[in-house]
Amino acid sequence: MKSHTGRTAALALSAAAVLALSACTGDGGGGGGGGGGDRVYIQAIAEEPTSFNGQVTSGLSPTMFSAQIFDTLVRVSDRYELSPGLAESWELSDDGLTLTLHLRDDVAWHDGEPFTAEDVKFNLEEIVELQTFGAPLAARIDTVEVVDEHTAVVHMTEPYGPLLETLGIQFIIPKHVYEGTEYVTNPANMEPVGTGPMMYESYSSGEQVVFVKNPDYWEGEVQVDRAVYPIMTDPNTRALALFAGEVDEASIDPSQQDRVSEDENLELRTRGVFSQLVSVMFNAQSEYLQDPEVRALVFAALDREAITDTALSGLGQPATGFFPETLDWARDASIDFDEDFPRDLEAIEEGLDAAGYPVQSDGLRFTLDVEYITSLSEVAATAELAKSQLAEVGIGLNLNGSASAVFTERVYTASDFDLAFLRSTIGADPTIGIARWYTCNDKKAAASNPSGICDPELDAAAAGAAESIDRETRAEYFHAMQQRARELMYYAPVAWFDGAFTTVNTTRWDGLLDDTGRVSTTPWLNMQLKE
């Protein structure tokens with residue numbers, strides 16, 4: 001135990017110290033096998049963790065940590081394929097109102113308590129509603145029946161299209177730790193107890209987070225003894241540590257990816273994550289953007305290919321539709337932005353003239369206030385490039401970069417903007433991801449449609465997709481939603497973006513670029529420390 005404590009203290013010094021220490025253990029840092037070896041994996045993180053429980057605290061950091069510590073009942077891959085999790089099988093009734101979950105009988109919480117159907121009942125009736133994407137599901141759950149220790153039956157008040165996909169992003173937390181407490185402030189959120197492959201060991205503010213392997217993980221043998229997450233808030237520091245092999249994984253600025261492409265040991269992850277996008281949002285209450293024809297002309301003036309190549313450093317693909325190709329079952333292939341919104345500058349200028357916005361004496365037709373989050377460098381670069389592109393058709397932009405909280409207040413709460421650029425994820429299903437940017441948001445919720453438009457036709461299509469459990473029927477509704485979105489043009493992807501994903505250094509580990517599609521999860525079972 002003394003050796004273990006000393007090692008943990010040394011880990012706090014720096015990522016380089018961790019790597020050096022790893023090489024000096026009984027295994028000599030190689031082989032990765034054998035008992036007693038200290039196989040250390042190091043991933044630099046960009047910010048202090050606010051919570052290790054992504055079920056009750058939203059954000060990228062809590063979700064990333066939770067994916068290592070907790071499990072979900074069902075798994076949904078980055079290609080939207082479902083597979084068993086804590087539920088080894090399930091049956092959904094033809095009417096979509098009864099879901100029977102058959103749970104694994106060999107799962108224990110990290111503190112040794114058995115995982116049972118009582119945990120499932122507690123989570124579905126008490127906890128799921130606290131998570132942003134779980135709340136719509138929770139509103140449709142009537143009761144959860146415990147048949148026996150390893151069988152739970154969920155009774156729904158109405159069918160819900162993304163039922164299983166929503167379960168795929170709900171981390172299951174222990175009833176015996178949370179029952180009777182204030183869930184959001186429970187101390188276990190910072191010292192979590194899960195069923196996942198890694199277990200919480202320590203957190204030193206300003207220094208690091210440490211996880212250790214779960215020796216009794218139900219899915220198999222974890223190949224990493226210890227995971228260390230040094231806190232490196234400066235992106236240049238993270239990049240240098242990654243390039244030097246002092247850390248095995250980190251998120252770095254897209255501008256650093258040129259270096260990555262030149263090094264055979266470095267690679268940007270493109271699997272194990274849901275698609276992300278950089279989007280443009282229109283305020284339809286703006287003096288100049290009330291007419292959908294004008295909004296369409298503004299969108300057409302954006303050179304999506306140039307934005308992808310320059311602002312996004314080539315890390316993605318220009319969007320040609322409202323849904324990405326990974327959602328091919330729901331994507332309307334008849335929509336093509338290149339044809340529907342061509343960047344024909346002469347035609348765009350003629351359209352703006354006809355709409356009543358001729359060029360004025362200052363050389364501009366009108367000027368729009370643009371909001372974006374400063375810390376998202378690729379989005380800031382997008383806004384800068386958009387300014388020069390729209391100037392080509394006589395539209396001026398005032399760029400207002402701000403912190404995330406200020407952006408949220410101005411865009412969602414106060415509607416104090418004309419255009420806004422944002423990076424976000426499409427999520428596990430269009431109903432709980434994409435649709436929120438198009439459906440009515442009269443309550444001005446954050447991370448939802450800020451346009452001020454409530455369109456009955458579009459809302460009906462989104463509702464139809466949510467209420468049907470048949471995928472073909474859901475696809476028809478999504479097609480109708482996309483057709484209407486094209487007519488109204490108040491939110492659209494500019495590009496599908498890969499640059500926000502982490503980059504790995506494969507110098508020390510094999511199997512890091514696992515292609516199983518598990519979302520947000522390090523491939524703990526498939527990694528091997530190199531000789």
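How many Å² does the protein expose, and what percentage of it do carbon and sulfur atoms supply? I find about 21,100 Å² exposed, with carbon and sulfur atoms supplying 47% of it; the areas come from the Shrake-Rupley method with a 1.4 Å probe, and for residues only the protein chains shown count as cover.

I note that this is a predicted model, in which local features need pLDDT of at least 70, side-chain atom pairs count only at pLDDT 80 or more, and totals for chains, interfaces and linings use all residues. Residues are numbered from 1 along each chain as its sequence is written, and side-chain values use heavy atoms, with hydrogens and water left out.

**Overall form.** I looked up the secondary structure and found 17 helices and 21 strands (DSSP runs numbered from the N terminus: helices are H or I of at least four residues, strands E of at least two). The C-alpha atoms fill a box of roughly 75 × 55 × 35 Å along the principal axes.

**Burial.** I recorded that 54% of the 531 residues count as buried (buried is under 20% relative accessible area, exposed over 50%, partly exposed in between, with a 1.4 Å probe and protein chains only).

**Disulfide.** I found 1 disulfide in the structure (a pair of cysteine sulfur atoms within 2.5 Å). Cys440 and Cys454 form this link, with their sulfur atoms 1.9 Å apart. Both cysteines lie in the loop between β17 (419–425) and α16 (456–467), so the pair ties together parts 14 residues apart in sequence. The link of Cys440 and Cys454 is right-handed, with 60 degrees about the S-S bond. Cys440 is partly exposed at 27% relative accessibility, and Cys454 is partly exposed at 40%.
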